[in-house]
Amino acid sequence: MFQEKTPYNDYSEGIGGKSSLAFRQLVESQKNKVLNICYRFVHNKEDAEDMAQETFIEVHRSLAELRNQSDLSAWIYRIAVSKSLNFIRMQKRQKRGGKMGKPISLDDEIEGVSAPAATNPDEALAQKERRRILQEALGTLPKNQQIAFVLSKYDGMSYEEIAAVLQASLPAVESLIHRAKINLQKELYGFYHKKSNKEKRTKDL
Amino acid sequence: MSIDNDEKKHFEDEVLRTMASLDDLPHLEAGPDFHIRLNQRLAQFETTQRKSVTSLTWWARRLGPAFLIAMIGANFATIYLAVKARPDTSYRDQCLTSIADQYCPSAGNPFWEIGDR
């Protein structure tokens with residue numbers, strides 16, 4: 001599916017010659033998908049846009065490599081995933097270093113949330129907190145499981161596309177997603193159990 | 001601490017809700033200024049790259065010839081010092097000749113008159 005000559009593959013000749021029109025067309029065709037991939041990792045629209053832009057800067061910088069890429073879109077999504085994961089790692093380091101991260105704001109949530117959730121601010125905040133906890137739990141998984149799970153949550157990506165991004169077979173991707181779910185369930189169960197014990201101890205005091 | 005069934009059910013529900021929290025993330029569309037901001041960042045990136053290449057070229061132009069001269073000078077100095085440090089072999093040659101005269105088997109050389117030893 002990704003080997004046949006498609007409008008995406010056709011760019012490599014134009015882009016290799018540094019045609020800015022070809023690059024603009026590439027950005028135009030891929031920007032929303034790249035943006036949504038980044039968003040599924042970083043959970044914040046502004047950060048996702050930043051990461052998407054960083055992705056295209058990297059694509060532009062690595063133009064010479066495009067000649068060797070048979071699957072242009074998978075290569076771009078791979079860069080997007082890598083940029084997003086690096087961003088998350090950097091955020092964690094900043095938090096550990098005591099630097100204040102962006103405060104959780106309801107505006108972040110309401111901006112992109114569907115109408116019913118947006119009318120219930122408590123639920124919106126609870127959902128944001130669940131995503132934060134999920135992100136922490138995902139950080140404990142092996143990288144490939146993490147990527148496979150997150151990408152599987154994006155409707156815009158098929159399992160074949162995920163396999164192309166991970167440079168793995170379809171059965172391997174299915175196995176990664178299955179193992180990711182099991183590991184996440186264990187991790188999250190342990191987290192909520194510990195949290196509940198902590199709350200009980202605090203109440204007893 | 002043991003947990004009862006209600007609590008266990010509660011944990012399981014929370015786990016499932018947490019795992020499903022990415023399901024309702026909305027589909028985003030890049031804003032109309034995406035290209036403008038991208039072009040600005042690309043221009044900034046290329047300026048930074050050009051500056052670092054320019055500064056490298058500046059240093060290479062000045063240091064290159066000086067480095068070359070220094071290398072040639074160092075080679076000549078090494079050759080000169082190597083030649084100067086060559087040991088004087090004339091004294092050694094004299095000693096070897098005298099030892100050879102004394103000990104080499106030849107008629108009339110007393111050292112080789114075995115019967116007398």
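**Exercise 1. The surroundings of A:D50**

Decide whether A:D50 is buried, partly exposed or exposed.

*Solution.* The relative accessibility of A:D50 is 30%. Buried means under 20% relative accessible area, exposed means over 50%, and partly exposed lies in between (1.4 Å probe, protein chains only). A:D50 therefore counts as partly exposed.

Some ground rules before going on. The model is predicted, so local features need pLDDT of at least 70 and side-chain atom pairs count only at pLDDT 80 or more, while totals for chains, interfaces and linings use all residues. Residues are numbered from 1 along each chain as its sequence is written, chains are lettered from A and ligands numbered from 1 in the order in which they are written, and side-chain values use heavy atoms, with hydrogens and water left out.

**Exercise 2. Salt bridges**

Find the salt-bridge partner of A:D50, and state where both residues lie.

*Solution.* Step one is the criterion: a side-chain nitrogen of Lys or Arg within 4 Å of a carboxyl oxygen of Asp or Glu. Step two is the partner: the side chain of B:R41 meets that of A:D50 at 2.9 Å, N to O. Step three is the location: B:R41 lies in helix α2 of chain B and A:D50 in helix α3 (residues 45-61) of chain A, so the pair joins two chains. Helices (H or I, at least four residues) and strands (E, at least two) are DSSP runs, numbered from the N terminus.

Now treat B:E14 and A:R130 in the same manner.

*Solution.* The closest N and O atoms of this salt bridge are 3.5 Å apart. B:E14 sits in helix α1 (residues 5-19) of chain B and A:R130 in helix α7 (residues 121-138) of chain A, so this pair joins two chains. Both residues are buried. They also belong to a salt-bridge network, together with A:E123 and B:R17.

Compare the accessibility of the two ends of the B:D24 and A:R131 salt bridge.

*Solution.* The two side chains meet at 2.9 Å, N to O. The pair crosses between chains, from the loop between α1 and α2 of chain B (B:D24) to helix α7 of chain A (A:R131). B:D24 has 38% relative accessibility, so the residue counts as partly exposed. A:R131 has 4%, so that end is buried. Over all chains, the salt-bridge count comes to 16.

**Exercise 3. Surface patches**

Which residues gather in the positive patch, and which helix gives the most?

*Solution.* Patches are made of residues with over 30% relative accessible area and no salt bridge; like charges are joined within 9 Å, and nonpolar side chains (Val, Leu, Ile, Met, Phe, Trp, Tyr) within 5 Å. The positive patch holds A:R89, A:R93, A:R96 and A:K143. Helix α4 (residues 72-96) of chain A gives the most, with three residues. A:K143 is found in helix α8 (residues 143-152) of chain A. That lysine counts as exposed because its relative accessibility is 51%.

List the residues of the nonpolar patch on chain B and give their accessible area together.

*Solution.* The members are B:L68, B:I72, B:F76, B:I79 and B:V83, with about 520 Å² together. Areas come from the Shrake-Rupley method with a 1.4 Å probe; for residues, only the protein chains shown count as cover. B:L68 lies in helix α2 (residues 34-84) of chain B. At 54% relative accessibility, B:L68 counts as exposed.

**Exercise 4. Chain B as a whole**

Describe the elements and the surface of chain B.

*Solution.* Chain B has three helices and zero strands. Of its 117 residues, 15% are buried. The chain exposes about 9500 Å², and carbon and sulfur atoms supply 63% of that area.

**Exercise 5. Backbone and cysteines**

What is the sign of phi at A:H43 and at A:Q167?

*Solution.* Start from the background: most residues other than glycine have a negative phi. A:H43 has a positive phi of about 60°. The residue lies in the loop between α2 and α3 of chain A. With 14% relative accessible area, A:H43 is buried. A:Q167 also has a positive phi, near 55°. Its place is the loop between α9 (159-166) and α10 (170-204) of chain A. At 64% relative accessibility, A:Q167 counts as exposed.

How many disulfides are there over all chains?

*Solution.* The test is a pair of cysteine sulfur atoms within 2.5 Å. The count comes to zero. As for individual cysteines, A:C38 is buried at 0% relative accessible area, and B:C95 is partly exposed at 29%.

Key
Lys and Arg count as positive and Asp and Glu as negative; His and the chain ends are not counted. The place of a charge is taken as NZ of Lys, CZ of Arg, CG of Asp or CD of Glu.
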